[in-house]
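This report covers the salt bridges and the internal space of one protein chain. The sequence and structure are shown first.

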Amino acid sequence: VAWDRDYNDGQLVEPELVFFAQDDDGNVWTLGQYPEEYEDGKLVATPAWLAGQEGAKAGLVMRAAPKPGTAGYSQGLGPKVGYADRAKVRKVNERTCVPTGCYQDVVVTEEWDKTDPKAFQLKYYASGIGNIRVGWAGTDEEQEVLELTRAAQLSPAALAEADRQVLKLEQRAYQRSKGLYGRTAPAEGSPG
């Protein structure tokens with residue numbers, strides 16, 4: 001379970017729970033998401049999807065051995081909420097620098113929504129870190145640009161606080177998405 005928080009001009013606009021799994025071959029999958037979308041500090045939507053529920057399907061986030069020129073792939077399908085992201089590997093073995101440092105052997109993917117294939121993001125993934133940069137290409141109206149500005153190993157106290165915040169978000173998911181999220185078992189905190 002990942003806890004993702006998006007900020008715009010210092011204001012939280014989307015806290016999100018994202019569910020990942022790695023298969024025996026090393027491929028990383030996404031199994032669903034519970035986001036809360038805010039505008040001007042007010043909740044406006046919770047477009048959750050979970051694989052196996054309401055026609056939703058898991059999708060690949062990262063292939064075990066990514067190679068440019070291979071076919072595009074689904075990153076998941078949440079038809080009830082319009083989630084239909086796709087991706088393909090654009091480059092491997094790239095070098096890129098962000099505020100946290102420079103990274104070698106970076107994988108660059110193109111990611112897009114199936115309903116608008118001409119607007120896509122470029123995502124840069126560093127081994128052992130994850131997504132370190134987001135750029136855009138094509139006709140992407142949002143033109144979102146993100147860079148990793150800080151990476152930290154959480155202390156036990158900080159990890160416990162993160163667990164508390166994640167469990168609070170999950171409790172809101174049970175209240176706001178009873179028909180979908182309400183069918184799942186509660187999460188457990190981090191060990192130790």
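## Cavity

The model described here is predicted. In the lining of its largest cavity, six residues are nonpolar, two are polar and two are charged. The lining is made up of Ala48, Trp49, Leu50, Gln53, Glu54, Ala56, Gly78, Pro79, Lys80 and Val81. The two charged residues are Glu54 and Lys80, because Asp, Glu, Lys and Arg count as charged. Gly counts as polar, so Gly78 belongs with Gln53 in the polar class.

The largest cavity holds about 40 Å³ of space. The structure has one cavity of 30 Å³ or more.

## Salt bridge between helix α1 and a loop

Eight salt bridges are present in the structure. One of them joins Arg172 to Glu36, with 3.0 Å between the closest N and O atoms. Arg172 belongs to helix α1 (residues 156-176), while Glu36 sits in the loop between β3 (28-35) and β4 (37-39). The two residues are 136 apart in the chain, and the pair links distant parts of it.

The partners differ in exposure class: Arg172 is partly exposed, at 26% relative accessibility, whereas Glu36 is buried, with a relative accessible area of 0%. The cut-off for buried is under 20%, so Arg172 falls outside that class. Glu36 and Arg172 are also part of a salt-bridge network that includes Arg176.

## Salt bridges between strands

Lys123 and Glu111 form a salt bridge through their side chains, at 3.1 Å from N to O. Because Lys123 lies in strand β12 (residues 119-126) and Glu111 in strand β11 (residues 101-113), this pair ties together parts that are twelve residues apart in sequence. Both Lys123 and Glu111 are buried.

Another strand-to-strand contact is the salt bridge of Arg133 with Glu147, with an N to O distance of 2.8 Å. Arg133 is found in strand β13 (residues 130-138) and Glu147 in strand β14 (residues 146-147). These residues are 14 apart, and the pair links distant parts of the chain. Which of the two partners, Arg133 or Glu147, is buried? Arg133 is buried, its relative accessible area being 16%. Glu147, at 36% relative accessibility, counts as partly exposed.

Conventions: Residues numbered from 1 in each chain as written. Predicted model: local features only at pLDDT ≥ 70, side-chain atom pairs only at ≥ 80, totals over all residues. Heavy atoms only, no water. Salt bridge = Lys/Arg side-chain N within 4 Å of Asp/Glu carboxyl O. Helix = DSSP H or I, 4+ residues; strand = E, 2+ residues; numbered from the N terminus. Buried < 20%, exposed > 50% of the residue type's maximum accessible area, 1.4 Å probe, protein only. 1 Å grid on protein atoms, 1.4 Å probe; cavity = no way out; pocket = protein on both sides within 12 Å on 5 of 7 lines; lining within 4 Å. Points joined across faces, edges and corners; volume = space filled by probe spheres on them.
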